[in-house]
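Visitor: I would like a close look at a single part of this protein, with its surroundings explained step by step. Could you pick a good place to begin and take me through it?

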Amino acid sequence: MQRITILGATGSIGVSTLDVLARHPDKYEVYALSAHGRVDELAAQCAQFRPARAVVGSADAAARLALLLRERGIKTDVEYGEAALCDIASHSQTDTVMAAIVGAAGLAPTLAAARAGKKILLANKEALVMSGQLFMDAVQEHGATLLPIDSEHNAIFQSLPQSYARSPRGAGVSKILLTASGGPFLKRDVATLEHVTPDEACKHPNWEMGRKISVDSATMMNKGLEVIEAHWLFGAPASLIEVVIHPQSVIHSMVSYVDGSVIAELGNPDMRTPIANALAFPDRIESGVGQLDLTAIGTLHFEKPDFVRFPCLALAFEALQAGGTAPALLNAANEVAVAAFLDRRIGFRDIDRVIARVMHENEHGAASSIDAVMAQDARARRAATAIVDGIAR
Ligand code: NAD
Ligand code: MG
């Protein structure tokens, strides 16, 4: 029996994870669940999966959850706050941690899981983007296992040899081909992007996701974060990572080898496939995802990314090249700008303007410690908030 903690259980990835777990009660048991504020959903999940512990974001949310659970006679212990999140991610009673909190808020508990040597299913790409080398060092030092959930990285993971040791050259890898759908604005007139609404930006053609990552897909910052994620997961320099636009999202990514072979993972766009893959690795389990029918799809299309239409992609490559705390600066500015866009305080094109200004007007340094990364994150948030306030005034 694998005992699982899900950080971010009420989100899109959290719900898909519970869907897969419910299909295999003989293999998996839920140890703990977390949610930020969606207490009713979390209470329903506790009723179904009976975890030992549930963690929420505030004392008020904890009181509401405890009441709901008492009324239903459910004996899950209720806690709140970051220390409790770190504890359910590192406790001896759990083997596997699904890291599915969105944004920088997921860094501390995901790192706690790494330091406790857990099997980590990593969806929370922002945590790895921010802390890169420090996170990978913690995984190695404490014997943790890191399995990618992001569909592209899971596809790359499946397309590499099982013995792969973060050395592309050693494995004969010539390129990592990261596919991107291009999001909802791939073909829209660039001049009209100034005025698109949050709902238009969140209407992804292929994937159902949380609102933050949906906006990231519309700006293609998501692909930029994924380039940085791939760099750390697979030990590949930026020059070996190529973004390929593939609007159907059937090929989830590819690895090109020196002998001319290209290995890809294909499937229907449904996150339950990478989740099931990582949960059961190296075995295979059913995920609930239907079989791919290529004849129904007919044609697969590919094109080069347009860095003028999608300046966020260029900014992410720039942050990766700069190294140190530059990716933390990029990520924090993006989180602030996306939240302001979703609150309708700034326009869609202001997102890349805010990030570019934060990156070019602030210094970054060595990512020598998690404290240094968190200090950079805080400085970038302050700078981005000031710029947003200036635009929104
Ligand atoms: P979501 O918004 O649907 O869910 C986020 C979860 O995090 C929720 O359970 C929420 O309660 C929790 N949360 C939010 N803010 C928090 C905070 N400050 N402290 C603690 N918990 C908090 O997001 P999602 O789409 O499920 O994405 C989760 C992560 O997975 C993101 O990092 C995203 O980039 C990554 N990811 C998602 C998908 C997808 O298909 N949804 C695909 C690839 C990667
Ligand atoms: Mg992805």
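Guide: Happy to, and please keep in mind that this is a predicted model. Let us begin with Glu363, which sits in the loop that joins α15 (348-361) to α16 (370-392). Is Glu363 buried or exposed? Its relative accessibility is 72%, and because of that value it counts as exposed. If you want a sense of distance, take Ser261 as a reference: Glu363 is 102 residues from Ser261 in sequence, and the two C-alpha atoms are 42 Å apart in space.

Following the chain on from that loop brings us to the helix α16. It is built from 23 residues, and the span from its first C-alpha to its last is 32 Å, close to the 33 Å expected at 1.5 Å a residue. Which residues of α16 are buried? They are Ile370, Val373, Gln376, Asp377, Ala380, Ala383, Ala384, Ile387 and Val388. A general point helps in reading such a list: an α-helix has 3.6 residues a turn, so residues three or four places apart point the same way. As for what they touch, the buried residues of α16 pack against α5 (107-115), α6 (125-141), α14 (326-342) and α15. Note that α15 also flanks the loop where we found Glu363.

For contrast with that exposed loop residue, look at strand β2, residues 28-34. Here 6 of the 7 residues are buried, so the strand is largely enclosed by the rest of the structure. One neighbour is strand β1 (residues 2-7), which pairs with β2 in the parallel sense over 5 bridges. Within this pairing, Arg3 stands opposite Glu29 of β2. Between the two strands the chain passes through helix α1 (residues 12-22), giving a right-handed β-α-β crossover. Strand β3 (residues 53-56) also pairs with β2, again in the parallel sense, over 3 bridges. There, Ala32 has Arg53 of β3 as its bridge partner. Helix α2 (residues 39-49) completes a right-handed β-α-β unit with β2 and β3.

One last stop may appeal to a chemist: the magnesium ion (ligand 2). What are its protein donors? They are Asp150 (OD), Glu152 (OE) and Glu226 (OE), at 2.1 to 2.2 Å from the ion. Along the chain these donors follow the spacing D-x1-E-x73-E. Unlike the exposed Glu363, Asp150 and Glu152 are both buried.

Terms used
Residues are numbered from 1 along each chain as its sequence is written. Chains are lettered from A and ligands numbered from 1 in the order in which they are written. This is a predicted model: local features need pLDDT of at least 70, side-chain atom pairs count only at pLDDT 80 or more; totals for chains, interfaces and linings use all residues. Side-chain values use heavy atoms; hydrogens and water are left out. Donors are N, O and S atoms within 2.8 Å of the metal (3.2 Å for Na, K and Ca); water is not among the atoms, so sites may look incomplete. Buried means under 20% relative accessible area, exposed over 50%, partly exposed in between (1.4 Å probe, protein chains only). Helices (H or I, at least four residues) and strands (E, at least two) are DSSP runs, numbered from the N terminus. Two strands pair if DSSP finds at least two bridges between them. A crossover is right-handed if, with the strands pointing away from the viewer, the path from the first strand over the helix to the second runs clockwise. The expected span of a helix is 1.5 Å times one less than its number of residues. Contact means heavy atoms within 4.5 Å.
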